[in-house]
Amino acid sequence: MFGEVFKKLRKSKHITLEAISKDVISTSQLSRWENGLSDISLNKLIILLNRINVSPQEFIAMTIPENNETNNFLKNLSLLYSEKDSISIYRIFLKNIAAYHHTNNVDYLFHASAAANVLFDIKNKNYLTPQDQ
């Protein structure tokens, strides 16, 4: 599944197997991974994602089924980001970081971190405490 998503991204950016795999992985191994026939290491995946300008967080979001709650959250966050609605994003951050502190559920921390990353991009200010990081 991950390889298939990566293949679509790579092709959408008109990047060949040879160009993206250079000095990281053999083209045949990359092709096998894209076609679901083998696995690659996380380190190699991160390098390859960097070459197509996709963050690991964005890539993971692209692999989540459409009706998934996290995917819906990320779509909403993306919309607020496009509108530069830092007030609404900050409220989302506060709600999720409080829920994380109350429950220790890492899903809330993921949501809070995503909101904090967007806020950092808009305001250039880190809202996560060192403990939460």
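Two exercises with worked solutions follow, on aromatic rings and on helix packing in a predicted model.

Residues are numbered from 1 along each chain as its sequence is written. In this predicted model local features need pLDDT of at least 70 and side-chain atom pairs count only at pLDDT 80 or more, while totals for chains, interfaces and linings use all residues, and side-chain values use heavy atoms, with hydrogens and water left out.

**Exercise 1.** Determine how the rings of Tyr-90 and Phe-93 are arranged, and state which of these residues is buried.

*Solution.* Begin with the location: both residues lie in helix α7 (residues 86-103), three residues apart, about one turn of the helix, where helices are DSSP runs of H or I with at least four residues, numbered from the N terminus. Next, take the geometry: the ring centres are 6.3 Å apart with 25° between the planes, and the pair is stacked (rings pair if their centres lie within 6.5 Å, and planes under 30 degrees apart count as stacked). Finally, consider accessibility: Phe-93 is buried, at a relative accessible area of 5%, whereas Tyr-90, at 33%, is partly exposed (buried means under 20%, exposed over 50%, partly exposed in between, with a 1.4 Å probe and protein chains only).

**Exercise 2.** Classify the mutual orientation of helices α6 and α8.

*Solution.* Start from the packing of α6 (residues 69-82) against α8 (residues 106-123), whose axes are 11 Å apart at an angle of about 15°. The two helices are therefore roughly parallel to each other (angles under 35 degrees count as such). The contact residues include Phe-73 and Leu-77 of α6 and Phe-110 and Val-118 of α8, contact meaning heavy atoms within 4.5 Å.

Terms used
Phe/Tyr/Trp six-rings, centres within 6.5 Å; stacked < 30°, edge-to-face > 60°. Axes fitted to C-alpha atoms, helices over the stretch in contact; angles between N-to-C directions. Parallel < 35°, antiparallel > 145°, perpendicular 65-115°, else oblique.
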